[in-house]
Protein chains: 2
Amino acid sequence: MRDGGPNSRAQLGDQVDLSRSKLAVEVDRLLETGLVVADGLAASRGGRRSHNIRLAPALRFLGVDIGATSIDVAVTNAELEVLGHVNHPMDVREGPVAVFEQVLAMAAKLRASGLADGYDGAGIGVPGPVRFPEGVPVAPPIMPGWDGFPVREALSQDLGCPVMVDNDVNLMAMGEQHAGVARSVGDFLCVKIGTGIGCGIVVGGEVYRGTTGSAGDIGHIRVEPDGRACVCGNRGCLEAHFSGAALARDAEDAARTGRSAELAARLEAAGRLTAADVAVAAAAGDPTALHLIREGGNRVGQVIAGLVSFFNPALVVIGGGVTGLGHTLLASVRTQVYRQSLPLATGNLPIVLGELGPTAGVTGAARLISDHLFSPA
Amino acid sequence: MRDGGPNSRAQLGDQVDLSRSKLAVEVDRLLETGLVVADGLAASRGGRRSHNIRLAPALRFLGVDIGATSIDVAVTNAELEVLGHVNHPMDVREGPVAVFEQVLAMAAKLRASGLADGYDGAGIGVPGPVRFPEGVPVAPPIMPGWDGFPVREALSQDLGCPVMVDNDVNLMAMGEQHAGVARSVGDFLCVKIGTGIGCGIVVGGEVYRGTTGSAGDIGHIRVEPDGRACVCGNRGCLEAHFSGAALARDAEDAARTGRSAELAARLEAAGRLTAADVAVAAAAGDPTALHLIREGGNRVGQVIAGLVSFFNPALVVIGGGVTGLGHTLLASVRTQVYRQSLPLATGNLPIVLGELGPTAGVTGAARLISDHLFSPA
């Protein structure tokens with residue numbers, strides 16, 4: 001009902017393969033929980049007409065996507081449609097206490113706007129690895145102060161509802177799977193290029209999180225022997241050579257050394273540059289900006305080529321802040337993958353931009369908690 | 001019963017969570033199929049003593065592991081214990097007709113030795129990607145003549161029993177999982193370094209084959225921009241820089257250019273060198289041989305480091321022909337992985353040699369067909 005909307009009892013019976021009488025018992029139990037309600041008359045299939053059954057229209061989920069530099073909070077209905085969505089800039093390095101104060105304020109704001117009386121569950125994404133069963137971030141390289149913070153426990157107390165916590169990239173993958181470009185795809189990769197770089201891995205329709213919750217941590221795959229120093233302490237990591245942060249740094253460097261009048265003008269106006277500035281400069285035809293994007297696309301494409309050989313996915317989705325770099329970036333990634341991976345793995349492989357943009361993470365967060373709440377156990 | 005041996009009805013009931021009466025019906029159905037038999041009196045748990053139930057002792061599976069340069073064929077009982085095992089050198093490039101003539105001769109030889117009256121099923125591994133549902137090799141780079149050959153159909157006709165076909169590396173992974181070093185591990189990688197290089201991927205206890213059956217094809221991941229030419233048509237592939245074939249070529253090169261008296265002597269004696277010669281020379285302390293192994297270990301370690309970051313496995317198994325290179329190789333691989341991957345992914349990560357050697361593939365093959373025959377559908 002979450003994914004298909006209102007259903008007649010007859011339709012439900014077809015889907016779950018239960019006899020009429022057993023189904024009636026189950027539906028009555030669901031109605032008692034208040035999770036579903038009767039709603040309108042179903043189309044006749046002969047015999048007595050019955051009411052449609054649907055998820056309770058008052059159900060509300062909170063989807064929270066904590067990025068490195070901003071927070072997205074959205075409220076959805078039971079079908080995971082986003083009813084309201086707010087964004088606030090915030091540095092994740094300010095630590096969990098400050099960040100969750102902000103999250104709670106944003107959740108209260110959405111409630112105050114009349115979109116929700118309260119929340120029946122919340123999903124939270126954080127930009128680092130998570131010990132999934134406990135909902136606790138572990139050793140997140142860009143998140144000092146978060147290691148071991150009991151996110152799940154603390155927030156479920158503050159919000160008064162069940163909470164699930166996951167890595168932000170996994171939630172982006174779930175969002176694109178639920179309502180975006182990866183609908184009905186079983187095995188795919190979702191590469192998020194924001195301040196850092198990560199990869200959501202979906203196997204048989206389920207997010208694969210790895211043994212310690214760090215699966216998909218591709219930002220620290222080495223792309224250059226003796227390359228640039230990385231925050232992780234190694235040299236030559238993908239993230240050190242291409243990510244939102246690396247791109248901003250390269251752009252400022254190009255501006256200061258006179259390689260791009262366009263970027264220099266923007267730097268002077270704003271005092272700093274971001275990936276978005278590079279996107280604008282590239283759109284204006286600035287050759288240095290275009291070069292930076294292509295170079296970055298080659299780097300990340302080289303890593304994705306290896307992952308495609310290894311994982312043989314049905315789809316690769318590129319998302320995150322740098323998707324503003326758009327088709328220039330995508331073209332470089334595609335070139336590398338189609339050149340380096342074997343034809344058997346790339347023959348029918350689409351490499352596409354995500355469809356949902358900033359809604360992907362919050363939708364995935366709502367899906368995470370609804371999967372949990374709607375599961376039989 | 002396959003994995004745990006003979007069981008009493010009471011033990012079975014505990015395991016499958018069925019009531020006494022329902023279990024009795026199921027056991028009777030199994031007895032009727034002839035797949036299981038009553039066997040000896042079970043230990044008393046009070047009340048009337050019952051017979052143990054076990055898989056029929058006459059059941060025989062054929063495990064076939066076709067490598068690039070040799071064929072292994074083994075016969076197992078229902079518990080997948082290897083009762084007999086034969087090996088025959090053969091170049092897979094001779095094509096499927098010649099190879100399967102040889103396989104059938106080896107299967108007949110095992111039968112003639114009294115180990116089997118016939119075969120109840122056979123599992124076959126081939127050194128290339130397989131369209132798994134149909135049991136047909138696809139576009140195998142080192143296997144001209146095999147593309148699209150109906151292995152499953154042809155062999156099940158010739159052997160008169162059900163046949164399942166898979167990639168050889170997947171079967172090695174299943175073998176190590178069933179009876180080797182990966183017992184009870186859910187998520188692991190099994191890297192086979194033979195003539196080529198491939199990787200078996202196990203997710204939640206199940207082999208992951210990818211969208212077109214080419215998952216784990218890591219031999220063509222690029223390790224060197226503008227590196228050596230590879231048979232696949234690209235440059236710088238892992239396999240072109242390190243594999244059984246690359247190592248033999250490098251060793252011959254070292255012998256001819258006077259860099260190793262040890263290797264030169266072996267080349268003169270045999271007319272050619274193999275990875276085994278390098279292993280012997282290294283064991284004798286030959287510095288060039290040791291250097292070649294370390295260099296190779298660094299290359300494959302670099303790729304495995306990336307896969308560990310991506311996949312976050314609980315275990316990495318190294319197997320295949322070059323395991324004769326042993327701990328020198330392993331040390332280089334470990335060094336690269338522990339240096340390049342993040343601590344969260346490597347903290348509790350064992351990187352070990354396979355335990356089963358040439359038995360891994362044939363055991364995995366027997367497991368493949370037994371999984372198929374013993375599954376409820």
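## Basis of the description

A residue is called buried when its relative accessible area is under 20%, exposed when that area is over 50%, and partly exposed in between. By this criterion B:Asp168, at 7% relative accessibility, is buried. The structure described here is a predicted model.

## Salt bridges within the chains

Over all chains, 30 salt bridges are found in the whole structure. One of them joins B:Asp168 to B:Lys192, with the closest N and O atoms 2.8 Å apart. This pair connects distant parts of the chain, since B:Asp168 belongs to helix α5 (residues 168-179) of chain B and B:Lys192 to strand β11 (residues 188-193) of chain B, 24 residues apart. B:Lys192 is buried, with a relative accessible area of 14%, and B:Asp168 is buried at 7%.

Another pair in chain B is formed by B:Arg266 and B:Asp277, where the closest N and O atoms are 3.0 Å apart. B:Arg266 is located in helix α8 (residues 261-270) of chain B and B:Asp277 in helix α9 (residues 275-283) of chain B, so the salt bridge ties together parts that are eleven residues apart in sequence. B:Asp277 is buried, with a relative accessible area of 10%, whereas B:Arg266 is partly exposed at 28% relative accessibility.

## The A:Arg2 network

In chain A, the side chains of A:Arg2 and A:Asp371 form a salt bridge with an N to O distance of 2.7 Å. A:Arg2 lies in the segment before β1 (7-8) of chain A, and A:Asp371 in helix α13 (residues 359-374) of chain A; the pair therefore ties together parts that are 369 residues apart in sequence. A:Arg2 is buried, with a relative accessible area of 11%, while A:Asp371 is partly exposed at 30% relative accessibility. Both residues belong to a network of salt bridges that links A:Arg2, A:Asp3, A:Arg367 and A:Asp371.

## Cysteine environment

A:Cys230 is found in the loop between β13 (206-207) and α6 (238-241) of chain A. This cysteine is buried, with a relative accessible area of 12%. Apart from neighbours within four places in sequence, A:Cys230 is in contact with A:His220, A:Cys237 and A:Ala240. A:Ala240 is ten residues away in sequence, and its C-alpha is 5.1 Å from that of A:Cys230.

The contact with A:Cys237 is not a disulfide, because the two sulfur atoms are 3.8 Å apart and the cut-off is 2.5 Å. A:Cys237 holds the closest cysteine sulfur to that of A:Cys230. In chain B, B:Cys230 is likewise in no disulfide; the nearest cysteine sulfur is that of B:Cys232, 3.8 Å away. B:Cys230 is buried at 11% relative accessibility. Over all chains, the count of disulfides is zero.

## Interface between chains A and B

The interface brings 36 residues of chain B into contact with 36 residues of chain A. The area buried between the two chains is about 3100 Å², and carbon and sulfur atoms give 61% of it. There are zero salt bridges between chain B and chain A, but 20 residue pairs are in polar contact, both residues being at pLDDT 80 or more.

On the side of chain B that touches chain A, β12 (197-203), α10 (287-311), α11 (326-340) and α12 (343-346) of chain B each supply at least two residues. The most is given by α10(B), with five residues. By class, this side of chain B has 19 nonpolar, twelve polar and five charged residues.

Definitions and conventions: Residues numbered from 1 in each chain as written. Chains lettered and ligands numbered in written order. Predicted model: local features only at pLDDT ≥ 70, side-chain atom pairs only at ≥ 80, totals over all residues. Heavy atoms only, no water. Contact = heavy atoms within 4.5 Å. Buried area = accessible area lost by both parts, 1.4 Å probe. Salt bridge = Lys/Arg side-chain N within 4 Å of Asp/Glu carboxyl O. Polar contact = N/O pair within 3.5 Å; in protein donor to acceptor, adjacent residues only side chain to side chain. Helix = DSSP H or I, 4+ residues; strand = E, 2+ residues; numbered from the N terminus. Nonpolar A, V, L, I, M, F, W, Y, C, P; charged D, E, K, R; others polar. Buried < 20%, exposed > 50% of the residue type's maximum accessible area, 1.4 Å probe, protein only.
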